[in-house]
Amino acid sequence: MLQSYLQDTWVTPTATRASAAAAHDAVTGETVCHVSSEGLDIAGAFEHARRVGGPTLRALTFHQRADLLDAIAAAVRARREELYALSARAGATLNDARYDVDGGVRVLRDYAARARTELPDAPHLVEGPAERLARGEDFLGVHLVTPSPGLMLQVNAYNFPVWAPLEKLAQAVLAGMPSVIKPATPTAYLTERLVRILTEAGQLLPGALQMVVGSVRPALDLLGEQDVLSFTGSAATAETLRTHANLVARSVRFNAEADSVNAIVLAPDVTPGTPLFDAFAREVVTEMTVKAGQKCTAIRRVLVPAEHEAAALDALASELAGVTIGNPTTEGVRMGAVVSLTQRDDVRRAVRAIAESGRFVYGDPEKVRVVDADPERGAFLDTLLISADPDAAAPHEVEPFGPAATVLAYRDTAHATDLVARGRGSLAASVVSDDLAWTTAFVRAAAPWHGRLHLLDSTNRTQTTGHGSPLPALRHGGPGRAGGGSEMAGIRGVVDLMQRTALQASPRLLNAFAS
C-alpha cells in the first residue's frame with residue numbers, strides 16, 4: 001500500500017487492498033501498488049501546512065527560498081537514475097523519463113536563478129516606482145506583493161509525475177506558500193519516490209511539502225480564501241472543480257491547465273522536399289511519440305494546405321514507419337506504452353470517433369507489433385495518423401490522449417485560422433513558414449486562442465526547443481478549453497500566487513517596506 005507524507009511523517013492508509021485502487025505496470029500489466037487516502041488526516045495536514053509550513057517559508061527572503069530550490073534540485077539530480085528506472089513501469093523510455101525528471105530539475109534551477117536576479121533579498125516585493133497621489137510629494141502609492149497565509153493543493157495528472165509537482169513547487173516555494181501534492185493514481189508511485197528522495201535528503205522545511213495519495217475530494221471543502229487549487233488534467237474535471245460550491249463561496253483561487261486539441265499549421269510557402277517541410281514532419285512525429293503522445297501540449301491537429309496534403313501524409317507515414325514500439329527498457333525502442341489499459345481503450349474510442357469523418361492513413365488502433373513485450377498485457381498502441389474532413393466536428397473536439405494526430409487540409413488562410421479556433425482554446429500551436437507576412441497575419445488571428453505560439457522557420461529550425469516543451473520563462477496555460485489558467489511565465493508565475501496590495505502612504509513609511 002502506497003504511503004502518504006503528511007505532517008512530516010510517512011503514513012499508511014487504513015484501506016485494504018480490496019478497497020484500494022490499483023496502479024499497474026504499463027508494460028507487463030502487473031500490479032505496482034495500491035492507492036488510497038482512507039483514514040488519512042487531510043484536515044490535519046492542511047492545518048500543519050498553514051500553521052508550520054507557511055510561517056517557515058514566509059520568514060525566508062526570496063533569495064533564501066531560491067537556495068532551497070537549488071538544494072531540492074541537487075537532491076533529485078543525485079538520484080535521478082532511480083526515477084528513470086521506475087518510469088519504465090509507466091511505459092516511459094529513457095528519453096521520456098529524462099523529459100520528465102531532468103525537466104523538473106531544470107525548472108527548479110531556472111527559478112532559483114531568476115529569483116536572485118529579479119527579486120530582492122527580502123520576504124516581499126515592492127512594485128514601483130511610487131505614484132504621486134497628491135499635489136505635494138508626501139502622499140504616494142505603490143503596490144506591495146506579499147505571501148498569502150494559505151497553501152497550494154496540487155492536483156496533478158499522471159503524465160508528468162515528477163516535472164509537474166516540481167514545476168508547481170518552484171513557484172510556490174518562492175511565493176512563500178506550502179504545498180500539498182495529490183498525484184494521479186496511475187503514476188502515484190513515481191511521485192511518492194520523488195518525495196522520499198527529498199525527505200531522505202533532508203531538504204524539506206517542516207510543513208513545506210506534503211503528499212496525499214488517493215482521493216482528495218473531501219479536501220475541497222477545507223480550502224479557504226488564501227489557498228490555491230492548482231489543477232492539471234481533463235477539461236471535464238476542470239469544469240467540475242471550477243464550480244465546486246466551497247471554491248465558489250470562498251473565492252478560492254483556481255488555476256487549471258487542461259487538455260486541448262493543439263495544432264501545427266504548415267503554411268502554403270513551405271513546399272515538399274525542402275528542409276523546413278522535413279522539419280515540420282519530424283516535429284509532428286516527435287509530438288506523437290514522446291511519452292507515447294501523452295502530453296497536454298502534444299500536437300493533435302495537423303493543418304496543411306490542400307495542395308500539399310498528399311505529400312504531407314506520405315512524409316508523416318514515412319517518418320512513423322521508422323518508430324520502433326515496445327518495452328521501453330529495450331535498446332532501439334523509441335516509443336513505449338501508454339500508462340494503462342484503460343488509457344489505451346480511451347485512445348481507441350477517440351480515434352474511432354475522429355476517423356468516422358475520414359480514414360486511418362497509418363497504424364491500426366486494434367493491433368500493434370511490439371518488441372520484447374506482450375501487446376495484449378501491456379498498454380501498447382500503434383502510432384495512429386488519421387486524415388479527416390477538416391469541417392467535421394470530432395477532430396476539433398475529441399482529444400486522443402496518446403500517439404495519434406489528424407491531418408486536416410485547409411483551403412486558404414481564412415479557413416486555416418477558422419479551423420484553429422474551432423479547438424476553442426489551446427495550450428500551444430506551431431506555425432511553420434518562411435513567409436513573414438503570412439505568419440504575422442496568422443499569429444494576429446490565432447494568438448487570442450492560444451497560451452503559446454511556436455513559430456518555426458528556416459532560421460530557427462535547428463535551434464528550436466520544440467512544439468511541446470513548456471519553458472520556465474514563458475507562460476504555460478491557455479484560454480477556453482485549455483483551462484484559462486497560467487503557470488510559470490518567469491517571475492510572473494510567482495507573483496500570481498501572492499497578494500498584491502495597494503499602499504497609500506508617506507515616503508517615510510514606504511521606504512520602510514522597500515528597505
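In which strand does Lys182 lie? In this predicted model, Lys182 belongs to strand E8, which spans residues 179-182. The surroundings of this lysine are a good place to start, and the description then widens to the cores, the backbone and the chain as a whole.

Lys182 is buried, yet it takes part in no salt bridge. The nearest side chain of opposite charge belongs to Glu192, and it is 15 Å away. A salt bridge requires a side-chain nitrogen and a carboxyl oxygen within 4 Å, so that distance leaves Lys182 without such a partner. Leaving aside residues up to four places away in sequence, Lys182 touches Gln154, Val155, Asn156, Val212, Gly214, Ser215 and Val216.

Strand E8 also holds Val180. With a relative accessible area of 1%, Val180 falls under the 20% limit and is therefore classed as buried. Its contacts, again without residues up to four places away in sequence, are Phe46, Met152, Leu153, Gln154, Gln210 and Val212. Val212 lies 32 residues from Val180 along the chain, while the C-alpha atoms of the two are separated by 7.2 Å. Gln154 and Val212 thus appear in the list for Val180 and also in the list for Lys182.

The nonpolar interior comes next. In soluble globular proteins, nonpolar side chains tend to be buried together. Here, the largest nonpolar core has 62 residues, and Leu69, Ile72, Val76, Tyr111, Leu166 and Tyr189 have the most contacts inside it. Elements that give two or more residues to this core include helix H2 (62-78), helix H4 (94-118), helix H5 (163-174) and helix H6 (188-201), together with strand E4 (31-35) and strand E9 (209-211). Helix H15 (492-495) is another of these contributors. Apart from this core lies another, of 59 residues, with Leu316, Ala337, Ala416 and Val431 among them.

Tyr189 repays a closer look. Beyond residues up to four places away in sequence, it touches Leu2, Ala23, Val32, Cys33, Leu86, Arg89 and Ala90. One of these neighbours, Cys33, has a relative accessible area of 10% and is buried. Cys296 likewise counts as buried, at 12% relative accessibility. The structure holds zero disulfides.

The backbone offers a few points of interest as well. Most residues other than glycine have a negative phi, and most peptide bonds are trans. The peptide bond from Gly128 to Pro129, however, is cis, with omega near 5°, and Pro129 sits in strand E5, residues 125-132. Gln7 has a positive phi, near 50°, and is found in the loop between strand E1 (4-6) and strand E2 (9-11). Ala292 also has a positive phi, of about 50°, in the loop between helix H9 (275-289) and strand E13 (299-305). Their surroundings can be set side by side: Gln7 is partly exposed at 33% relative accessibility, whereas Ala292 is buried at 1%.

Finally, the chain as a whole. Its secondary structure comes to 16 helices and 21 strands. The radius of gyration is 24 Å, which agrees with the value near 24 Å for a compact globule of 515 residues. Along the principal axes, the C-alpha atoms fill a box of roughly 70 × 65 × 40 Å. Buried residues make up 57% of the 515 residues. Of the contacts with a separation of 6 or more, 76% join residues 24 or more positions apart.

Terms used:
Residues numbered from 1 in each chain as written. Predicted model: local features only at pLDDT ≥ 70, side-chain atom pairs only at ≥ 80, totals over all residues. Heavy atoms only, no water. Core = buried A, V, L, I, M, F, W, Y, C linked by side-chain atoms within 4.5 Å. Buried < 20%, exposed > 50% of the residue type's maximum accessible area, 1.4 Å probe, protein only. Helix = DSSP H or I, 4+ residues; strand = E, 2+ residues; numbered from the N terminus. Contact = heavy atoms within 4.5 Å. Lys, Arg positive; Asp, Glu negative; His and termini not counted. Disulfide = S-S within 2.5 Å. Rg over C-alpha atoms; globule rule 2.2 N^0.38 Å.
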